[in-house]
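The following exercises concern strand pairing, helix packing and ring geometry. Each task is followed by a worked solution.

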Amino acid sequence: MNIEKFIQGTETLHKRLADLYQTANILSWIPPDLLPQAFKELHNTSKIVQLASEELYQQNEELVQTQNWLEAERQHYQDLFEFAPDAYFVTNTEGIIQEANFTAAKLLNVSKQLLVGKPMINFVPLEERQHLHSELIQLSQSDRVRELLIRLKERHGEYFDAALTVAVARNPQGKATSLRWVIRNITERKRVESAVVKNNGDFFKDRPLDKHSKGETIPLNPLVIWYVCQGLVKLSTYCETGEEVLIGLATAGMVFGSSLTSLNIYQATALSDVELVSIYTAEIAASPILSHTLLPKINQRLQQTESFLVICGRRRVEERFHHLLQLLKQEVGETVPEGTRLSVRFTHEDIASACCTTRVTITRLMGKFQEQGLISFDFKKHIILRDFG
């Protein structure tokens, strides 16, 4: 409104100058040569003021539009913060709550107004407060996002299991200024996980068993994932020279299938008598519980594959052989009086393919390790690892 009045004032001034010019022309006592120059300067000055006022008005309109846009954006992000599905908190570096969204207030059964100024540690059981306090100190000293599992207590309510994700915010000088928290109630998730773990052995018991004898090739179907109930399955591929390459071992409780690899050539062979259960991938997609059950097993296969890759990446064959035996000890080792016995008998060809070398080289290395007392063999020719680390 002030700018509009200013513009109106400049227009009035301009009009009055024109009227004054008309009046001055009829006054005989004013020198005639003085009037044109004086009024010209006044006219030009008033025009400059009028143009400046119009430009100022335009800038003000744009500023108002920008302010309205910024306010709309601020409100948009405020709504995202307030009504997000997860509980969000902002605290100082000591964990005193400075901001909390609607979901956070609902999670802890406290109004937002009462949450502000409260220490986060107030909602933690006494026996776990020291742990959280230590985590906060470590967090302020690093830029790493911390993932914590801890119990929290809602006001006048019960304790619940919570997953906390905490990140530190710093000023331009690098000093920690605040902590940003995301908190989720995972009580139901943990209950499901416990039920899955408890019933994992029974989960596949009603499905028909598919049995294969030692040495048999197991058929693979891209629509099916195999779950190993008993035995050991060798997973392999072939290189351009036609040599077999060992890429995994599926032991009891693990899964395998052609849908879990991008290799064009992928073969599964029973290294012992095995019992399998087939699970269609469509079942997994349709069942959250089944997906939850199989995900750790798929992850286990992925980790094992990476271990085999690390072995192949070592330069010296002896190092590859040594680390392969360590991996086999972990995967299929069983404790015996003499050390750790590999429960499956591996041929020299099996070990050579895993080490990317020849059978002759593996035979020589086995003899060397045996002379050094690192390995021995039982009467069934199973490898026994002695003090093998």
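**Exercise 1.** Which residue in E17 does Thr 340 stand opposite?

*Solution.* The model is a predicted one. Within it, Thr 340 stands opposite Leu 385 of E17. A further facing pair that involves E17 consists of Arg 341 and Ile 384. The strands concerned are E15 (residues 339-342) and E17 (residues 383-385), whose antiparallel pairing extends over 2 bridges.

**Exercise 2.** Determine the strand order of the sheet that contains E15 and E17, and identify its edges.

*Solution.* Step 1: begin with the neighbour E14 (residues 333-336), which runs antiparallel to E15 and is joined to it by 4 bridges. A hairpin of 2 residues connects E14 to E15, and Val 336 has Gly 339 in E15 as its bridge partner.

Step 2: place the strands in order. The open sheet has 4 strands, arranged E14-E15-E17-E16 with antiparallel pairing. E14 and E16 (375-377) each have a single partner strand and therefore stand at the edges, with one side of each left without a neighbour in the sheet. From one strand to the next, the twist averages 35°.

Step 3: add the helix. H11 (residues 359-371) packs on this sheet and touches E16 and E17, and the direction of H11 makes about 105° with that of E16.

**Exercise 3.** Classify the aromatic pair of the structure and locate its two rings.

*Solution.* Step 1: the structure holds 1 aromatic pair. The ring centres of Phe 321 and Phe 369 are 4.9 Å apart and the ring planes stand at 50°, so the pair is classed as tilted.

Step 2: Phe 321 belongs to helix H9 and Phe 369 to helix H11, so the pair ties together parts 48 residues apart in sequence.

**Exercise 4.** Describe the packing of H8 against H9.

*Solution.* Step 1: take the axes. Those of H8 (residues 288-313) and H9 (residues 317-332) come within 9 Å and cross at roughly 160°. Angles over 145 degrees count as roughly antiparallel, and H8 and H9 are therefore roughly antiparallel to each other. Their crossing is right-handed.

Step 2: list the residues. On the H8 side, Gln 304, Ser 307, Phe 308, Ile 311 and Cys 312 take part, and they meet Arg 320, His 323, Leu 324, Leu 327 and Glu 331 of H9. By class, the residues of this contact comprise 5 nonpolar, 3 polar and 2 charged.

**Exercise 5.** Establish the order of the sheet that contains E9 and E10, and place H8 relative to these strands.

*Solution.* Step 1: the sheet is open, with 4 strands in the order E7-E12-E9-E10 and antiparallel pairing. E7 (217-218) and E10 (244-250) are the edge strands, each pairing on one side only.

Step 2: examine the pairing of E9 with E10. E9 (residues 233-238) and E10 run antiparallel and are joined by 6 bridges. Lys 234 stands opposite Leu 249 of E10.

Step 3: return to the helix of the preceding exercise. H8 lies across E9 and E10 and runs at about 145° to E10. H8 thus has contacts both with this sheet and with H9.

Terms used:
Residues are numbered from 1 along each chain as its sequence is written. This is a predicted model: local features need pLDDT of at least 70, side-chain atom pairs count only at pLDDT 80 or more; totals for chains, interfaces and linings use all residues. Side-chain values use heavy atoms; hydrogens and water are left out. Axes are lines fitted to C-alpha atoms, for helices over the stretch in contact, and angles run from 0 to 180 degrees between N-to-C directions. Angles under 35 degrees count as roughly parallel, over 145 as roughly antiparallel, 65 to 115 as roughly perpendicular and the rest as oblique. A crossing is left-handed if the near helix is turned anticlockwise from the far one by less than a right angle, and right-handed if clockwise. Contact means heavy atoms within 4.5 Å. Ala, Val, Leu, Ile, Met, Phe, Trp, Tyr, Cys and Pro count as nonpolar, Asp, Glu, Lys and Arg as charged, and the others, Gly among them, as polar. Two strands pair if DSSP finds at least two bridges between them. Rings of Phe, Tyr and Trp (its six-membered ring) pair if their centres lie within 6.5 Å; planes under 30 degrees apart count as stacked, over 60 as edge-to-face and the rest as tilted.
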